[in-house]
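Subject: The structure I promised you

Hi there,

Here is the structure I said I would send over. Please have it open in your viewer while you read, and my notes are underneath.

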Amino acid sequence: MQPANQTNGRINLDPDSAEDGLAQLVMTVIELLRQIVERHAMRRVEGGTLTDEQVEDLGVALMNLEEKMEELKEVFGLDAEDLNIDLGPLGNLL
């Protein structure tokens, strides 16, 4: 698989390796959602509305999500910076 970072932060739309660009795009969306969930969870923890057991469960769930993301990045040959897609004038996604 061609490393996605050779595209300078942009999705690779080369027809011969479109699946690589699609994998990068899907992984980027998943990482964005994971980070949003993590931030929301941190706000709930800091808000003090969760029980100690809920905080513990949330922490374990977030660690499991991060571990799964690392596994998937390895499967698709992507690095963390590959998921930070360049949105042109809007800047980087993550």
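Below is what I found, going from the whole chain down to single side chains.

**Confidence**

Please keep in mind that this is a predicted model. The mean pLDDT of the chain is 83, with 86% of the residues at 70 or more. Residues 1–6 are another matter, since the pLDDT there is below 50; this stretch has 12 contacts in the model beyond near neighbours in sequence.

**The chain as a whole**

You will see two helices and zero strands. There are 94 residues, and buried ones make up 24% of them. The accessible surface comes to about 6,500 Å², and carbon and sulfur atoms hold 56% of that. Among contacts with a separation of 6 or more, 59% join residues that are 24 or more positions apart.

**Helix α1**

Helix α1 covers residues 18–47. Its 30 residues should span 44 Å at 1.5 Å a residue, and the end C-alpha atoms are 43 Å apart, which agrees. After the helix comes glycine 48, which has a positive phi, near 75°.

Which residues of α1 are buried? They are Asp20, Gly21, Ala23, Gln24, Met27, Thr28, Glu31, Arg34, Gln35 and Ala41. The cover over these buried residues includes α2.

There is also a nonpolar patch on the surface, made of Leu22, Leu25, Val26, Val29, Ile30, Leu33 and Ile36. Together these residues have about 580 Å² of accessible area. Isoleucine 30 is one of the patch residues; it lies in helix α1 and is partly exposed, with a relative accessible area of 35%.

**Helix α2**

Helix α2 runs over residues 52–76. It has 25 residues and reaches 36 Å from its first C-alpha to its last, close to the 36 Å expected at 1.5 Å a residue. Leu62, Met69 and Lys73 are buried in this helix, and the buried residues of α2 pack against α1. Just after α2, glycine 77 takes a positive phi of about 70°.

**Salt bridges**

Now for the charged side chains. As a reminder, side chains of opposite charge can pair when their charged atoms come close. How many salt bridges does a search of the whole structure find? It finds four, and I describe some of them here.

Glu31, Arg34 and Glu38 are linked in a network of salt bridges. Arginine 34 pairs with glutamate 31, the closest N and O atoms being 2.9 Å apart. These two residues are three apart in helix α1, so about one helical turn separates them. Arginine 34 also meets glutamate 38 in a salt bridge, again with an N to O distance of 2.9 Å. Glutamate 38 and arginine 34 are four residues apart in α1, about one turn of the helix.

Are the members of this network buried or partly exposed? The cut-off for buried is under 20% relative accessible area. Arginine 34 is buried, at 12%, and glutamate 31 is buried too, at 8%. Glutamate 38, at 27%, is partly exposed.

Glutamate 31 is worth clicking on for its contacts. Leaving aside neighbours within four places in sequence, glutamate 31 is in contact with Met69, Leu83 and Leu94. Met69 is one of the buried residues of α2.

In α2, glutamate 71 forms a salt bridge with lysine 68, and the closest N and O atoms are 3.1 Å apart. The two are three residues apart in the helix, so the separation is about one helical turn. Both count as partly exposed: glutamate 71 has 38% relative accessibility, and lysine 68 has 46%.

**Where to look**

If you have only a few minutes, begin with the network of Glu31, Arg34 and Glu38. Then turn to the nonpolar patch that includes Leu22 and Ile36, and finish with the buried residues of α2 where they pack against α1.

Happy to go through any of this with you.

Best wishes

Key
Residues are numbered from 1 along each chain as its sequence is written. This is a predicted model: local features need pLDDT of at least 70, side-chain atom pairs count only at pLDDT 80 or more; totals for chains, interfaces and linings use all residues. Side-chain values use heavy atoms; hydrogens and water are left out. Buried means under 20% relative accessible area, exposed over 50%, partly exposed in between (1.4 Å probe, protein chains only). Contact means heavy atoms within 4.5 Å. Accessible areas come from the Shrake-Rupley method with a 1.4 Å probe; for residues, only the protein chains shown count as cover. A salt bridge is a side-chain nitrogen of Lys or Arg within 4 Å of a carboxyl oxygen of Asp or Glu. The expected span of a helix is 1.5 Å times one less than its number of residues. Patches are made of residues with over 30% relative accessible area and no salt bridge: like charges are joined within 9 Å, nonpolar side chains (Val, Leu, Ile, Met, Phe, Trp, Tyr) within 5 Å. pLDDT is the predictor's confidence in each residue, from 0 to 100.
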